[in-house]
Amino acid sequence: MIHKIKAQKGKDFKNLPDKTLATFPTTKYLVSTKYDGNQIFVVKEGRSIRMFTSDWKEFNISLLAIELRELPEDFILVGEFLYQSDGKLGSRAKSAILTTFRTNFSKCWLNGNSELGSQLVVFDYLGLSGDNILTDIRQDDRLTQANYVLRDCYLTQVIVVESMTGEEATKYTKEMVKHGWEGIMLTQAHEHYKLGKRVNYCIKLKDRVTADIECIGTELGEGKYSGLIGSLILRDKVGRVCKVGSGLSDADRAYHEDYYIGKIIEISYEQIIDTYIQPVFIRIRDDK
């Protein structure tokens, strides 16, 4: 029985150490599309198929289980769950049906027709040998094995990768974002899987857009930010309001609210739906 595991995590490009950034333009990577869904694990041991969210809450999709049950290998699939979507930016809201699937599993209810449109995009494959997880296999070999084992599956597909340098990948990201994708993922072909580790050779590369928005107020922080600014309240020219706390340093939070109110704040964000999604503070635009 495989117990709870923690996935290997990548780093946002902006959080890479200087040593990695220095060699990034010329380093070769396996590049794949970054899908906007929910990360899940699928564990196959014999004819047992178990599915877990990234925080290890169990659920089941019977259509997916039927497809995988007869495969000869034992494995853990690490992938992105998509629901009635192609995985472009904004798809994550639809994949929130996982909450319903979790509730149904806990109450021993069937999902019924609500499973239709479920899909798993596999971005890593870990073989099993008894209770041992086979992590000491190269990334490119893991993907080759995934493609072989899952070759006849319909609801499960393996990411398509291309080899390119970091410089080429940066240009490619702009094209992907232009066509509605969140960005790309980069990994190095020769690297092994590090359970529960955040590694520099697995990189999230996005081309986030920015906006300049007026600050109309602040909200006090909680916990370690008690007595400091927790977030800035911003409103754009068409009346959309958002709160931004990510990106504020401790020094930024220590200012009095009058320091920000009425000023133009530059933020980056993923997309606009009803408001700005995943806003991050960049700076005060003193020139505006």
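Two strands count as paired if DSSP finds at least two bridges between them. Helices (H or I, at least four residues) and strands (E, at least two) are DSSP runs, numbered from the N terminus. The model is predicted, so local features need pLDDT of at least 70 and side-chain atom pairs count only at pLDDT 80 or more, while totals for chains, interfaces and linings use all residues. Residues are numbered from 1 along each chain as its sequence is written, and side-chain values use heavy atoms, with hydrogens and water left out.

One open sheet has five strands in the order β1-β12-β11-β2-β10, with mixed pairing. Its edges are β1 (9-12) and β10 (162-165), each of which pairs on one side only. On average, neighbouring strands in this sheet are turned by 45° against each other, direction ignored. Here axes are lines fitted to C-alpha atoms, for helices over the stretch in contact, and angles run from 0 to 180 degrees between N-to-C directions. Within the sheet, β2 (residues 28-34) and β11 (residues 183-187) are antiparallel and share five bridges; S32 stands opposite M185 in β11. Helix α5 (residues 166-178) packs on the sheet and touches β2, β10, β11 and β12 (198-206), contact meaning heavy atoms within 4.5 Å. The direction of α5 makes about 115° with that of β10.

Helix α2 (residues 62-69) has L64, A65, E67 and L68 buried, that is, under 20% relative accessible area, against over 50% for exposed and partly exposed in between (1.4 Å probe, protein chains only). Seen down the axis of α2, these buried residues fall within an arc of 160°, so they line one face of the helix; the arc is that of the directions from the helix axis to the C-beta atoms. They pack against β3 (38-45), β4 (48-53), β6 (75-83), β7 (118-129) and β9 (156-158).

L68 also appears among the residues with the most contacts inside the largest nonpolar core, alongside V42, L77, L150 and L186. A nonpolar core is a set of buried Ala, Val, Leu, Ile, Met, Phe, Trp, Tyr and Cys residues joined through side-chain atoms within 4.5 Å. This core has 44 residues, and its largest share, five residues, comes from β6. A second, separate core of 16 residues includes C215, V244, Y269 and I284.

Strand β16 (residues 264-269) has five of its six residues buried, so the rest of the structure largely encloses it. β16 pairs antiparallel with β13 (residues 209-220) over six bridges, with I213 opposite I265. Four bridges join β16 to β19 (residues 280-284), also antiparallel, and I267 stands opposite F281 there.
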